[in-house]
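Biologist: Could you take me through this model and show me how to read its features one at a time?

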Amino acid sequence: MTTIGILGAGQLGKMLAEAAAELGFKTHVFAPDADPVAAAAATHFTQADYEDIKALQKFAASVDVITLEFENVPVAPLKKLATPIYPSPAALEISQHRVREKTLANSLGIETAPFAAVRSPEELRRAMETVGVPGILKTCTLGYDGKGQWKVATPADAPPLPPGDYIYEGFVQFDKEISVIVARGTGGEIQCFEPVENMHRNHILHTTTAPANISAEIAAKAIHTATTLANALEVAGLLAVEMFITRDGHVLMNEMAPRPHNSGHWTLDGCNVSQFEQAIRAVTGMKLIAPKRTAEKVVMTNLIGDEVNHLESWKKPGAHIHMYGKKESRPGRKMGHVTILSPRD
Ligand code: AMP
């Protein structure tokens, strides 16, 4: 194994390529964007559309294994490639679609918000009756950072919807939002990063704190949820699972992503193994490392939009600043992050 192919070329791809290089691998990044941030960190870059089967075949022939930093890659062309893809197209098909992922979770005994699939205004009306109000209407695919989501209390609150798959979810009065990133090797070996606590601002992840301030019992439930899903999907690589904790101690799976996750960036500075290194280990058949936090508390803050213009204020002992090298800052765009470690006494 010498070369790892990576689909997607944003900051997650960049950090994956950097981790691969540190382990002695070459990387080949494939993405439709011109001049993406991961290209500079990779050995090779192909700019082509995810549906361009000829370009995909050439890319696949140049690498030993394919992994991804972006799960919303069309699955049909991937199924035609002979090179192993980790996580598999079958796992992608489920985690790309909110109804499929929640249906899988429920079938495994994992709780979620109550939900119903919606494909028409009539189905929305019925979903609101059965699930209850208020709720959140979401597109089933391609939504992120609160895009494609509407809080609704009556059917009239929904915007005019283009045809497509939607999900209506009951509104959860959660106490905390947490996530767990689990790594699973090609042979089924599992290692979990501990649960972390996530705070959002304007629907975008603002801070992640490790460890999450939750009981040992809830932490065990959250880890069980993430490993159960990773095993069911037979993930090789990473699975990041976002969960709500309710006041009465229920752990509800909200969303999962079969790739490195923003809530795992703290591991670059605050853990003996980063999520990116662990991902590369998992897809190349290397032994996984048992993660151990190296500070009492680790707080990762995203630098979003113009926040990158105030870097000096972050320069303090224990702070690690990571810039992604994006040329232009736009509102809501993740430009970098800062991790602050609080030492053990
Ligand atoms: P998602 O794209 O599903 O991760 O949702 C983005 C954010 O919206 C979540 O991190 C929550 O803060 C909030 N949210 C999503 N679904 C629900 C729900 N069913 N009830 C309450 N808040 C939600």
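**Reading a predicted model**

Modeller: Let us begin with one helix: in helix 9, the buried residues are Gln275, Phe276, Glu277, Gln278, Ala279, Ile280, Arg281, Ala282, Val283 and Thr284. Please keep in mind throughout that this is a predicted model.

Biologist: How many residues of helix 9 are buried, and what follows for the helix?

Modeller: Of the 10 residues of helix 9, 10 are buried, so the helix is largely enclosed by the rest of the structure. Just beyond helix 9 comes glycine 285, whose phi is positive, near 80 degrees.

Biologist: How should I describe the packing of one helix on another?

Modeller: In general, a pair of packed helices is described by the angle between their axes together with the distance between those axes. Here, helix 1 (residues 11-22) packs with helix 9 (residues 275-284) at an angle of about 65 degrees, and their axes are 8 Å apart. Angles of 65 to 115 degrees count as roughly perpendicular, and helix 1 and helix 9 are therefore roughly perpendicular to each other. The crossing in which helix 1 passes helix 9 is right-handed.

Biologist: Which residues of helix 1 and helix 9 meet?

Modeller: From helix 1, Leu12, Met15, Leu16, Ala19 and Ala20 meet Phe276, Glu277, Ala279 and Ile280 of helix 9. Sorted by kind, the residues of this contact between helix 1 and helix 9 comprise 8 nonpolar, no polar and 1 charged.

Biologist: Is methionine 15 buried or exposed?

Modeller: Because the cut-off for buried is under 20% relative accessible area, methionine 15, at 6% relative accessibility, counts as buried. In sequence, methionine 15 and phenylalanine 276 are 261 residues apart, while in space they are 6.5 Å apart, C-alpha to C-alpha. Setting aside neighbours within four places in sequence, methionine 15 is in contact with His265, Leu268, Phe276, Tyr324 and His337.

Biologist: Where is histidine 265 found, and which residues is it in contact with?

Modeller: Histidine 265 is in the loop between strand 14 (251-257) and helix 8 (267-270), and with a relative accessible area of 1% it is buried. Again leaving aside neighbours within four places in sequence, the contacts of histidine 265 include Leu12, Met15, Phe276 and Tyr324.

Biologist: What is the relative accessibility of valine 180, and which residues does it touch?

Modeller: Valine 180, which lies in strand 9 (residues 174-184), has 0% relative accessibility and so counts as buried. Apart from residues up to four places away in sequence, valine 180 touches several residues, among them Cys192, Phe193, Ala222, Ile223, Leu239 and Met243.

Biologist: How should I read the backbone angles?

Modeller: As a general guide, most residues other than glycine have a negative phi, and most peptide bonds are trans. In this model, aspartate 35 has a positive phi near 55 degrees; this aspartate 35 sits in the loop between strand 2 (26-31) and strand 3 (44-47) and, with a relative accessible area of 53%, is exposed. Histidine 203, not a glycine either, has a positive phi of about 70 degrees, and with a relative accessible area of 56% histidine 203 is exposed.

Biologist: Which peptide bonds are cis?

Modeller: One cis bond runs from tyrosine 86 to proline 87, with omega near -10 degrees, and proline 87 lies in the loop between helix 3 (75-79) and helix 4 (89-95). Another cis peptide bond joins alanine 210 and proline 211, where omega is about 0 degrees.

How values were computed
Residues numbered from 1 in each chain as written. Predicted model: local features only at pLDDT ≥ 70, side-chain atom pairs only at ≥ 80, totals over all residues. Heavy atoms only, no water. Axes fitted to C-alpha atoms, helices over the stretch in contact; angles between N-to-C directions. Helix = DSSP H or I, 4+ residues; strand = E, 2+ residues; numbered from the N terminus. Parallel < 35°, antiparallel > 145°, perpendicular 65-115°, else oblique. Left-handed = near helix turned anticlockwise from the far one by under 90°. Contact = heavy atoms within 4.5 Å. Nonpolar A, V, L, I, M, F, W, Y, C, P; charged D, E, K, R; others polar. Buried < 20%, exposed > 50% of the residue type's maximum accessible area, 1.4 Å probe, protein only.
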